[in-house]
Amino acid sequence: MSSDEDWLAPLRTKFAGRLAGEVEVLRTAWARRDRDTVIDRAHKLAGLAGMVGAPEVGEAALQLEETARSGADFAEELSRLIAAIERARS
(Lines give C-alpha, C1' and ligand atoms only; values in the text may rest on other atoms or scores of the structure.)
Protein backbone atom coordinates (compact mmCIF):
# COMPACT_ATOMS: atom_id res chain seq x y z
CA MET A 1 0.00 0.00 0.00
CA SER A 2 1.39 3.41 -0.97
CA SER A 3 1.66 6.28 1.49
CA ASP A 4 -1.32 7.97 -0.22
CA GLU A 5 -3.40 4.85 0.32
CA ASP A 6 -2.22 4.65 3.94
CA TRP A 7 -3.33 8.22 4.50
CA LEU A 8 -6.70 7.70 2.79
CA ALA A 9 -7.63 4.41 4.47
CA PRO A 10 -9.02 5.99 7.66
CA LEU A 11 -10.95 8.55 5.60
CA ARG A 12 -12.46 5.81 3.45
CA THR A 13 -13.47 3.88 6.55
CA LYS A 14 -15.05 6.95 8.11
CA PHE A 15 -16.84 7.80 4.86
CA ALA A 16 -18.24 4.26 4.54
CA GLY A 17 -19.37 4.35 8.15
CA ARG A 18 -21.40 7.50 7.70
CA LEU A 19 -23.20 6.48 4.51
CA ALA A 20 -26.16 4.82 6.25
CA GLY A 21 -26.73 7.99 8.26
CA GLU A 22 -26.52 10.09 5.12
CA VAL A 23 -29.22 7.99 3.46
CA GLU A 24 -31.47 8.50 6.50
CA VAL A 25 -30.89 12.27 6.48
CA LEU A 26 -31.64 12.45 2.76
CA ARG A 27 -34.82 10.37 3.09
CA THR A 28 -36.03 12.50 5.99
CA ALA A 29 -35.27 15.70 4.10
CA TRP A 30 -37.16 14.34 1.08
CA ALA A 31 -40.18 13.46 3.23
CA ARG A 32 -40.18 16.99 4.67
CA ARG A 33 -39.55 18.55 1.24
CA ASP A 34 -36.49 20.18 2.78
CA ARG A 35 -34.62 21.15 -0.38
CA ASP A 36 -31.94 23.09 1.52
CA THR A 37 -30.88 20.03 3.53
CA VAL A 38 -30.82 17.88 0.40
CA ILE A 39 -28.59 20.43 -1.34
CA ASP A 40 -26.28 20.72 1.66
CA ARG A 41 -25.88 16.96 2.17
CA ALA A 42 -25.46 16.27 -1.54
CA HIS A 43 -22.79 18.95 -1.76
CA LYS A 44 -20.88 17.49 1.18
CA LEU A 45 -21.19 13.94 -0.12
CA ALA A 46 -19.93 14.96 -3.55
CA GLY A 47 -16.82 16.50 -2.01
CA LEU A 48 -16.13 13.65 0.38
CA ALA A 49 -16.71 11.01 -2.28
CA GLY A 50 -14.19 12.73 -4.51
CA MET A 51 -11.61 12.76 -1.73
CA VAL A 52 -11.95 9.07 -0.89
CA GLY A 53 -12.25 7.68 -4.40
CA ALA A 54 -15.97 6.94 -4.62
CA PRO A 55 -16.73 8.43 -8.05
CA GLU A 56 -20.19 6.89 -8.49
CA VAL A 57 -21.40 8.40 -5.22
CA GLY A 58 -19.73 11.70 -6.04
CA GLU A 59 -21.29 11.99 -9.49
CA ALA A 60 -24.75 11.03 -8.21
CA ALA A 61 -24.45 13.54 -5.35
CA LEU A 62 -23.37 16.29 -7.73
CA GLN A 63 -26.32 15.58 -10.04
CA LEU A 64 -28.69 15.67 -7.07
CA GLU A 65 -27.24 18.95 -5.85
CA GLU A 66 -27.49 20.58 -9.28
CA THR A 67 -31.05 19.42 -9.87
CA ALA A 68 -32.22 20.44 -6.39
CA ARG A 69 -30.60 23.87 -6.77
CA SER A 70 -32.41 24.36 -10.08
CA GLY A 71 -35.77 24.07 -8.35
CA ALA A 72 -36.75 21.01 -10.40
CA ASP A 73 -38.10 17.80 -8.96
CA PHE A 74 -35.13 15.76 -7.76
CA ALA A 75 -36.74 12.42 -6.87
CA GLU A 76 -34.93 10.53 -9.64
CA GLU A 77 -31.53 11.97 -8.69
CA LEU A 78 -32.15 11.20 -5.02
CA SER A 79 -32.97 7.59 -5.90
CA ARG A 80 -29.78 7.34 -7.98
CA LEU A 81 -27.67 8.67 -5.12
CA ILE A 82 -29.21 6.30 -2.59
CA ALA A 83 -28.61 3.37 -4.97
CA ALA A 84 -24.97 4.47 -5.46
CA ILE A 85 -24.53 4.72 -1.69
CA GLU A 86 -26.00 1.24 -1.19
CA ARG A 87 -23.58 -0.18 -3.77
CA ALA A 88 -20.67 1.61 -2.10
CA ARG A 89 -21.63 0.15 1.27
CA SER A 90 -21.71 -3.44 0.02
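Leu62 is partly exposed, with a relative accessible area of 33%, and sits in helix 3 of this predicted model. Partly exposed here covers the range between under 20%, which is buried, and over 50%, which is exposed. Leu62 is also one of the residues that helix 3 brings to its contact with helix 2. Look from Leu62 towards Glu77 and you go 15 residues along the sequence, while the C-alpha atoms are 9.3 Å apart in space. Glu77 belongs to helix 4, where it is among the residues that meet helix 3. So much for a starting point; let's take the helix pairs in turn.

Helix 2 and helix 3 come first. Two packed helices are described by the angle between their axes and the distance between the axes. For helix 2 and helix 3 the angle is about 150 degrees and the axes are 8 Å apart. Anything over 145 degrees counts as roughly antiparallel, and helix 2 and helix 3 are therefore roughly antiparallel to each other. The crossing of this pair is left-handed. On the helix 2 side, the contact is made by Arg35, Val38, Ile39, Ala42, His43, Leu45, Ala46 and Ala49. Helix 3 answers with Val57, Gly58, Ala61, Leu62, Leu64, Glu65, Thr67, Ala68 and Arg69. Sorted by class, the residues in the contact of helix 2 with helix 3 are 11 nonpolar, 3 polar and 3 charged.

Now move along the chain to helix 3 (residues 55-70) and helix 4 (residues 75-89). Their axes come within 9 Å and cross at roughly 160 degrees, and the two helices are therefore roughly antiparallel to each other. Helix 3 passes helix 4 in a left-handed crossing. From helix 3, the residues involved are Glu56, Val57, Ala60, Ala61, Gln63, Leu64 and Thr67. Facing them in helix 4 are Glu77, Leu78, Arg80, Leu81, Ala84, Ile85, Arg87 and Ala88. By class, the contact of helix 3 with helix 4 has 9 nonpolar, 2 polar and 4 charged residues. If you keep an eye on Val57 and Leu64, you'll find them in the list for helix 4 and also in the list for helix 2.

Val57 and Leu64 turn up again in the interior. The largest nonpolar core has 24 residues, and Phe15, Leu45, Val57, Leu64 and Leu81 touch the most other members. Helix 1 (3-31), helix 2 (35-52), helix 3 and helix 4 each give two or more residues to this core. Helix 2 supplies the largest share, 7 residues.

What does Phe15 touch beyond its neighbours within four places in sequence? The partners are Leu45, Leu48, Ala49, Val52, Ala54 and Val57. Phe15 lies in helix 1 and, at 7% relative accessibility, counts as buried because the cut-off is under 20%. Its C-alpha is 14 Å from that of Glu56, with the two positions 41 residues apart in sequence terms.

Two other residues of helix 1 make a nice pair to look at with Phe15. Val23 lies in helix 1 as well and is buried, at 3% relative accessibility. Not counting residues up to four places away in sequence, Val23 touches Ile82, Ile85 and Glu86. One of these, Ile85, is also part of the helix 4 side of the contact with helix 3. The C-alpha atoms of Val23 and Leu64 are separated by 13 Å, and the two residues are 41 residues apart along the chain.

Leu11 is the other one, again in helix 1. With a relative accessible area of 28%, Leu11 is partly exposed. Leaving out residues up to four places away in sequence, Leu11 touches Met51 and Val52; Val52 is also a partner of Phe15. Leu11 and Asp73 are 62 residues apart in sequence, and their C-alpha atoms are 32 Å apart in space.

Finally, have a look at the link that follows helix 1. Arg33 lies in the loop between helix 1 and helix 2. Is Arg33 buried or exposed? Arg33 is exposed, with a relative accessible area of 57%. The backbone is worth a glance too: phi of Arg33 is near 55 degrees, a positive value in a residue other than glycine.

Key: Residues are numbered from 1 along each chain as its sequence is written. This is a predicted model: local features need pLDDT of at least 70, side-chain atom pairs count only at pLDDT 80 or more; totals for chains, interfaces and linings use all residues. Side-chain values use heavy atoms; hydrogens and water are left out. Axes are lines fitted to C-alpha atoms, for helices over the stretch in contact, and angles run from 0 to 180 degrees between N-to-C directions. Helices (H or I, at least four residues) and strands (E, at least two) are DSSP runs, numbered from the N terminus. Angles under 35 degrees count as roughly parallel, over 145 as roughly antiparallel, 65 to 115 as roughly perpendicular and the rest as oblique. A crossing is left-handed if the near helix is turned anticlockwise from the far one by less than a right angle, and right-handed if clockwise. Contact means heavy atoms within 4.5 Å. Ala, Val, Leu, Ile, Met, Phe, Trp, Tyr, Cys and Pro count as nonpolar, Asp, Glu, Lys and Arg as charged, and the others, Gly among them, as polar. A nonpolar core is a set of buried Ala, Val, Leu, Ile, Met, Phe, Trp, Tyr and Cys residues joined through side-chain atoms within 4.5 Å. Buried means under 20% relative accessible area, exposed over 50%, partly exposed in between (1.4 Å probe, protein chains only).
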